[in-house]
Amino acid sequence: MTMAFEFEKPIYELEDKIGELEKYAAKNKLDLTKEISFLEKKVNDKKDEVYSNLTPWQRVEIARYAKRPTTLEYIEEIFEDFIEFFGDRVHSDDAAIVGGIASYHGTPVTVIGHQRGRDTKGNIHRNFGMAHPDGYRKALRLMKQADKFNRPVICFIDTKGAYPGKAAEERGQSESIARNLVEMAGLKVPVISIVIGEGGSGGALALGVCNRLLMLENATYSVISPEGAASILFKDASLKEIAAESLKITAADLKSFGIADEVIMEPKGGAHNDREAVISSLDEAVKRHLDELQSMDGQTLMDDRYDKYMNIGVFTEQS
Amino acid sequence: MLKDLFSKLNKKVNETNRNDGTFENSESIMTKCPNCKKILYSKELYKRLNVCTNCEHHLPITAPDRMEALMDEGTVKPILENITSANPLNFPNYEAKLNKDREKTGLNEAVICAEGTIDDTPAVVAIMDSRFRMGSMGSAVGEKLARTFEYATERRLPVIVFTASGGARMQEGIISLMQMAKVSVAIERHNQAGLLYIAYMTNPTTGGVSASFASVGDINLAERGALIGFAGRRVIEETIKEKLPDDFQTAEFLLKHGQLDEVVNRRDMKNYLGRILKLHSGV
Ligand SMILES: [Zn+2]
């Protein structure tokens, strides 16, 4: 394992020490088992200490990590017979959002998600998972198709936000996001959205008006990036750690507000450390929620979504 | 005065100079048009709904003034006035800022809502006021708007929302983002009941408000010269590394790109909306 984040340094320093001791022991034919196992215990303690006290900003770093599993990885592992469909029928195919149909434990479903690149070339192709209106319109087209064929919709959210570009504005970035919000409200099929990485503002919400919102433990969901908030609210972009803290963007925060319905635990240090484990936890949670939702009829599902969102908000009401 | 219907908090509002060059009442006799620089009689300007006599430039208008200009005299019944912002994230200085804007505007939130008639056709109207926290949407604004649609759905009435907003209210974090979804579910229920929703974008309508209820009317209108867009100009210029045209993100730009049904002069607002409402009055 290579060090992914600065805050993991104390862990890797200890591991390096173990490596050196092992080498030294082998070279000098010494028995240092006791010393080594002592250090190994220290490594584990250190991991517990670091990983169970992650700051919101550290979670942002994990959520954005290039090696973190992306939408297509989850789709490939959790669904069978995925058939990807392309295009918005208006202007283009936006590779920042992928979608199609698949079989989920035997049930036909529509699956849609933001897709980041896995490297520089991929990120250029995928526009870093930042969609144009074309992407949101493709997503909507697939959702309406799901509605027609009575297929549940499963959305993976993983985006810094909608792309701030000239063409995006000309083609109606605002309208494309807004349209998804109201149309998703009216879907007669179950909708489950899962934030697997970064949930960035309106561009995330455009795949997120759902019956159940699930979040991976280190995923974040925010109205604005911590960097953006720091420069707008605190007039200093270097205060991103404080902004991340103040904005309350972690999965646990969203669960406490009643916005996220469940937090899916990740392997120690993040999803990238044990892909199989996170894939299986996510699968289990999605399956459980889908089973619950599938007993509801179309009107009940719409009402359920209505109630979910009408209940979000903290304000004062004088009688 | 109608203004008083929406200002339980502050009586001093009528004496307050607006910092945009116009005045609430005619304490200052003259006002300079920021566009053509012509010096205008404030009284004359106020009578023309703050539209310049010389160049038709639209100067800002307060939400209560717009409500008064739009609705038939004596028909305005304010609703949902008892909903105000809290501080859900305990965000530093947020309450102080709210209080300052309450003091400044005499409003208790960034949107006012009322039922009444426009040229004798009943409607429910919500008007945002960008003087209050830049018209940003937090829980209180989201709740008032969502309940405006509920109120109209129950009574089978059309809704007109005048947007004026910098977007989501950052101090309420993710809860403010979720207000976009909240208003949307209420709009969809109103929509499924077969009722009319007119979105009327005024200066400025950006960010999360632009990307939710402002853009999904059955009819999308905008006021002349209004700034309307999702991302900020500077953010876009930094991203694409090029200079944007001057008319980028204006109402006229959006009309040209097929994003609007029409751009309306504020002085025609009442007549224009009245005609649309009449043609839907059988609904
Ligand atoms: Zn002028």
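Biologist: Which helix of chain A and which strand of chain B each supply at least two residues of the lining of the largest cavity?
Modeller: The model is a predicted one. In it, the largest cavity has a volume of about 130 Å³, and its lining is made up of 14 residues. The elements that each supply at least two of these residues are helix H8 (173-185) of chain A and strand S10 (228-229) of chain B.

Biologist: Which element gives the most to the lining of the largest cavity?
Modeller: The residues nearest the centre of this cavity are Gly172(A), Ser174(A), Glu175(A), Ile228(B) and Leu254(B). Of these, Glu175(A) lies in helix H8 of chain A. The element that gives the most, with 3 residues, is H8(A).

Biologist: How many residues of the lining of the largest cavity are polar?
Modeller: The lining has 4 nonpolar and 2 charged residues. The polar class holds 8.

Biologist: Is Glu175(A) buried or exposed?
Modeller: Leaving out residues up to four places away in sequence, Glu175(A) touches Arg137(A), Ser215(B) and Gln259(B). A residue counts as buried when its relative accessible area is under 20%. For Glu175(A) the value is 18%, so this residue is buried.

Biologist: Which residues does Leu260(B) contact, leaving aside its neighbours within four places in sequence?
Modeller: Leu260(B) sits in the loop between helix H9 (251-256) and strand S11 (262-264) of chain B. Its relative accessibility is 10%, so it counts as buried. Its contacts are Met201(B), Asn220(B), Leu221(B), Ala222(B), Ala251(B), Leu254(B) and Leu255(B).

Biologist: What separates the C-alpha atoms of Leu260(B) and Asp129(B)?
Modeller: Along the chain, Leu260(B) and Asp129(B) are 131 residues apart. In space, their C-alpha atoms are separated by 21 Å.

Biologist: What is the geometry of the site of the zinc ion?
Modeller: The protein donors are the SG atoms of Cys33(B), Cys36(B), Cys52(B) and Cys55(B), at 2.2 to 2.4 Å from the zinc ion. The angles among the 4 donor atoms run from 106 to 112°. The ideal angle for four tetrahedral donors is 109.5 degrees. The site is tetrahedral.

Biologist: How many residues apart in sequence are the parts that Cys33(B) and Cys55(B) tie together?
Modeller: Along the chain, the zinc donors follow the spacing C-x2-C-x15-C-x2-C. Cys33(B) is in the loop between strand S1 (30-32) and strand S2 (39-41) of chain B, while Cys55(B) is in the loop between helix H2 (42-47) and helix H3 (63-70), so the parts tied together by the pair are apart in sequence by 22 residues.

Biologist: What is the relative accessible area of Cys33(B)?
Modeller: Cys33(B) is one of the zinc donors, through its SG atom. It is buried, and its relative accessible area is 0%.

Biologist: Which residue in the loop between S1 and S2 of chain B has a positive phi although it is not a glycine?
Modeller: The phi in question is about 65°. The residue with this value, placed in the loop between S1 and S2 of chain B, is Lys37(B).

Biologist: Is Asp119(B) buried or partly exposed?
Modeller: Asp119(B) has a positive phi of about 45°, although it is not a glycine. Its place is in the loop between strand S5 (111-118) and S6 of chain B. With a relative accessible area of 25%, Asp119(B) is partly exposed.

Biologist: Which element gives the largest share of the lining of the second largest pocket?
Modeller: This pocket has a volume of about 500 Å³. Of its 28 lining residues, the closest to the centre are His58(B), Leu59(B), Pro60(B), Asn203(B) and Arg266(B). Two or more residues come from each of H3, strand S6 (121-128) and strand S8 (197-206) of chain B. The largest share, 3 residues, is that of S8(B).

Biologist: Which kind of peptide bond joins Asn203(B) and Pro204(B)?
Modeller: Pro204(B) is found in strand S8 of chain B. The bond that joins Asn203(B) to Pro204(B) has an omega of about -15°. It is cis.

Biologist: How many residues of helix H4 of chain A are buried?
Modeller: H4(A) covers residues 71-78 and is mostly covered. Among its buried residues are Thr71(A), Leu72(A) and Ile78(A). Of its 8 residues, the number buried is 6.

Methods
Residues are numbered from 1 along each chain as its sequence is written. Chains are lettered from A and ligands numbered from 1 in the order in which they are written. This is a predicted model: local features need pLDDT of at least 70, side-chain atom pairs count only at pLDDT 80 or more; totals for chains, interfaces and linings use all residues. Side-chain values use heavy atoms; hydrogens and water are left out. On a 1 Å grid over the protein atoms alone, a cavity is a set of points where a 1.4 Å probe fits but cannot get out, and a pocket is an open set with protein on both sides within 12 Å along at least five of seven lines; lining residues have an atom within 4 Å of a point. Grid points are joined across faces, edges and corners, and a volume is the space filled by probe spheres set on the points. Helices (H or I, at least four residues) and strands (E, at least two) are DSSP runs, numbered from the N terminus. Ala, Val, Leu, Ile, Met, Phe, Trp, Tyr, Cys and Pro count as nonpolar, Asp, Glu, Lys and Arg as charged, and the others, Gly among them, as polar. Buried means under 20% relative accessible area, exposed over 50%, partly exposed in between (1.4 Å probe, protein chains only). Contact means heavy atoms within 4.5 Å. Donors are N, O and S atoms within 2.8 Å of the metal (3.2 Å for Na, K and Ca); water is not among the atoms, so sites may look incomplete. Four donors count as tetrahedral if all angles lie between 85 and 135 degrees; four count as square planar and six as octahedral if opposite donors are over 155 degrees apart and all others between 65 and 115; anything else is irregular.
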